[in-house]
Amino acid sequence: MLRLYVVALLCLFTCFACQTIERKPVFSPDVLPKEYFNINTSHDTVLRTSRGARIHIPAHAIKATGGILRLAITEAYTITDMVKAGLLTVSNGEPMSSGGMINIRPADDTMAKIVQPITVEIPTDFIQEGMKLFKGERDKTGNLNWVKPDSLAMGQVNQRFANARQLLQQNCYSCHAIEKRVTGPALLHMTARRERKWLHDIIRNIAALLATGDPESNCLFDDYNKTAMTTFPTMSDQEIYDIIDYIDNISKQTDLETYNKVRLAKDSCKAYYKEKGALLFKQNKLIKDNGKFVTEDRRFSGTVTATFIPEVVPNPNNGVYYTFNITSFNWFNVDILTKDLPGIVDSELRVSVTGDYKDNIHVFLLIPSIRLFAEGGPLDGEKHKYGFFTKDGKIPMLINKKAWIIATGEHKDQLVFAQQVFITQQKQELTISPAISSKNAMNEFLKSLELKDIKMEVTDSRNAKGIREIDSLLKAVEGKKPMNFDCGCGETPAPQQASKQIQI
Ligand code: HEC
C-alpha cells in the first residue's frame, strides 16, 4: 500500500532538459477536489466556484452535444495544493512564481469546444504586476509544462495603479515614504490599520476630519507635533481610491503576513478598547465628579465611550482577481518568471544530499510566499548535489524569504523523506539527509505548510481570547518594523492618558 502511495506520488514530470536541469516525476494531480457544474450553453452563465473563481460563459460560447454540458473545475491556489498535485511552477525548466492555477474541462462530452472566449477570474490576495497567463501543455510523454505566455485582461487595474503611482509622486512623497516614518507616517499597511472611508477622509481634508473630533486623526496630529497634512480638495474620489487600493496592494505584496497581523491587531484593539473604553468613560465621569481641583484633558472627551467604537467586522473579501480569457479547455496558470519579479537577485543555491538514502531521491524547492515549487536536478560534475535552475547552481531568487527543501524517495517498500526550512540568501549551500519516514509525517508537513501559506486566514478576535492575546499580538506586530503600529493612536486614546488624569 505504502509503495503504491509513493509510486502515485512520483508520477508526473519528466525531463525538460535543454541547457537547464533535467527534472523527474513528482506528486499526483488527482488529489485535488473537482467541482462540477451543469450548464445550458445557450444561456449566458456565470459560475462561481466554492474557492472563489468566477467564470463568465456567454451564450453559445461553448459548442456541446444537445446544448447541455457538465464542466469539471479544479483549482490550485496555495502552495500545498500545488505540492500535493505535483503542479510545478516551472516553464521549460525556468522557475516561476504562481498567482494560481485552474483547470476547466468538460466532465463527459469530450467533443465539447469553446468557440468564443470565456472570461475567467481567479481570486488573489494582491495583484503582482507582470503576471502572465500560461497554458498547461502536455509534452510527448504526457507531462505538463507551462508555456505560451499571454497577457492578462488587466488593463483597468494597471491603469489605476499607474495613476496612483503618479499621484503619490506628485502630491505625497514630499512628506511620506512607503516603508518608513518621515514627515508623515509610513504608508505601508495603512489599509490594514484603518478603514477605507477614514483614509479617504483624511486624504481629502484632514482639517475637516480633525474638526469632527475623530480620535484617530487627532491622535496622529498630536503624535506628529501638529504638523498639518496638506488637504486635497480637488482630487477626485476615484483618484483617492486609486491611491488607497494601490497602497493596499503593495502592502500585501511586500509582506502579507505582517499585513494580516496588523489587521488582526486592529480588530483586537477595537475589541479591547470597547471594553477599555467603557471603563475609561466611567473613569472620566468620576474625574469630572471629583471637584474643581481635578483638571481634565478634554482632547478626547466624548469619544472614549463604548458607543464610539464600532463593532468588530469580519475581514472583508478584498475582491481582487486575476482576469483572463480562454479559448480552449485546459490547465491555466497565472504566473511570472521568477527573474521578472521585483527585487530579484542572481543567486546560487546548491543542495547536497547525504546519508544512507542519498540515491534515487527527488529534491524540491518550495517558497510559499511567492508560490514557487520547483524540482532540482543534478549539478554538472557533482554527485548528490542539486540545483534548481541552471546546472551550475544559479537561480534568480528573492532574498530573505522563508523556504523549504524537501527530499522524497523510496527504499524497498518504505517512504524516504526529509524537509528543511531555511531563509533564502544570495549564495547558499544546504545539506539534507533523507531518512525512512511515513506517509503521516509527510502529510503533517504538508499540513503545516498550509498554515504558513500566504493565504493564511485572518480570523477576528472579537472575543475574550482576542483581548487576552492583544499584548503579545501587539508586541509581535511592533517587532515587525517598519510599520510602527500603535494601538493607542490607531483606535482610541492610549490608556495611560486616563491614569495620568487620575493622578492629578
Ligand atoms: C505636508 C506634508 C504631507 C503631505 C504633502 C501629505 N501628507 Fe499625509 N500626512 C502628513 C502628516 C504629518 C500626517 C499625520 C497626521 C498629521 O499630523 O496631519 C499624515 C497622515 C496621513 C495618513 C494617515 C496615515 C496613518 O498611518 O494612519 C494618510 C493615509 C496620508 N497621510 C496619506 C497622504 C496622501 C495619500 C498624500 C498625497 C495625496 C499625503 N498624505 C500628503 C503629512 C503629509
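Let me begin with helix α5, which runs over residues 196–204, and whose buried residues are Leu199, Ile202 and Ile203. If we look down the axis of α5, these buried residues fall within an arc of 100 degrees, so they line one face of the helix. It helps to recall that an α-helix has 3.6 residues a turn, so residues three or four places apart point the same way. Please keep in mind throughout that what we are looking at is a predicted model.

Let me step back to the whole chain for a moment. The chain contains twelve helices and 23 strands, and of its 504 residues, 37% are buried. If we take the contacts in the chain with a separation of 6 or more, 74% of them are between residues 24 or more positions apart.

Now I would like to return to α5, this time from the side of the ligand. The ligand is surrounded by 23 residues, and the closest of these are Cys172, Cys175, Gly184, Tyr224 and Met229. Two elements, α5 and α7, the second of which covers 215–223, give two or more residues each to this shell. Which element gives the most to the shell around the ligand? That is α5, which contributes three residues. As for the character of the shell, its residues divide into 15 nonpolar, seven polar and one charged.

Staying with α7, its buried residues are Pro215, Ser217, Cys219, Leu220 and Phe221. Just after α7 we come to asparagine 225, which takes a positive phi of about 50 degrees, and which lies in the loop between α7 and α8, the latter spanning 237–288. Is asparagine 225 buried or exposed? It has 6 C-beta neighbours inside 10 Å, and therefore asparagine 225 counts as exposed.

There is another asparagine to set beside that one. Asparagine 360 also has a positive phi of about 50 degrees, although it is not a glycine, and its place is in the loop between β14, residues 345–353, and β15, residues 362–367. Because asparagine 360 has 11 C-beta neighbours inside 10 Å, it too counts as exposed.

Let me turn next to the interior. The largest nonpolar core has 69 residues, and those with the most contacts inside it are Ile102, Val363, Leu365, Leu366, Phe373, Ala374 and Ala407. This core draws at least three residues from each of two domains, namely domain 1, which is made of 2–152 + 320–340, and domain 3, which is 345–452. There is also a second, separate core of 14 residues, which includes Ala164, Leu187, Leu209 and Ile243.

To see one residue of the largest core in detail, consider phenylalanine 373. Not counting residues up to four places away in sequence, phenylalanine 373 touches Ile79, Met82, Val83, Leu88, Thr89, Phe364 and Leu366. A little further along, glycine 376 sits in the loop between β16, residues 372–375, and β17, residues 377–378. Why does glycine 376 count as buried? The reason is that it has 26 C-beta neighbours inside 10 Å, where 20 or more is the requirement for being buried. Glycine 376 and valine 351 are 25 residues apart along the chain, and their C-alpha atoms are separated by 8.7 Å.

I will finish with two residues that lie in strands. Isoleucine 73 is found in strand β5, residues 68–76, and it counts as buried because it has 21 C-beta neighbours inside 10 Å. Leaving aside its neighbours within four places in sequence, isoleucine 73 is in contact with Lys34, Glu35, Phe37, Thr49, Ile102, Asn103 and Ile104. One of these, phenylalanine 37, is 36 residues away from isoleucine 73 in sequence, while the two are 8.2 Å apart in space, C-alpha to C-alpha.

Leucine 47 belongs to strand β2, residues 45–48, and since it has 17 C-beta neighbours inside 10 Å, leucine 47 counts as partly exposed. Its contacts, again leaving aside neighbours within four places in sequence, are with Phe37 and Ile55, so that Phe37 appears in the contacts of leucine 47 and in those of isoleucine 73. Finally, leucine 47 and valine 120 are 73 residues apart in sequence, and their C-alpha atoms are 9.5 Å apart in space.

Key:
Residues are numbered from 1 along each chain as its sequence is written. This is a predicted model: local features need pLDDT of at least 70, side-chain atom pairs count only at pLDDT 80 or more; totals for chains, interfaces and linings use all residues. A residue is buried if 20 or more other C-beta atoms lie within 10 Å of its own, exposed if 12 or fewer, and partly exposed in between; C-beta atoms are placed from the backbone. Helices (H or I, at least four residues) and strands (E, at least two) are DSSP runs, numbered from the N terminus. The arc is that of the directions from the helix axis to the C-beta atoms. Two residues are in contact if their C-beta atoms, placed from the backbone, lie within 7 Å. A residue is near a molecule or strand if its C-beta atom, placed from the backbone, lies within 6 Å of it. Ala, Val, Leu, Ile, Met, Phe, Trp, Tyr, Cys and Pro count as nonpolar, Asp, Glu, Lys and Arg as charged, and the others, Gly among them, as polar. A nonpolar core is a set of buried Ala, Val, Leu, Ile, Met, Phe, Trp, Tyr and Cys residues joined through C-beta atoms within 7 Å. Domain bounds come from an automatic or database domain assignment.
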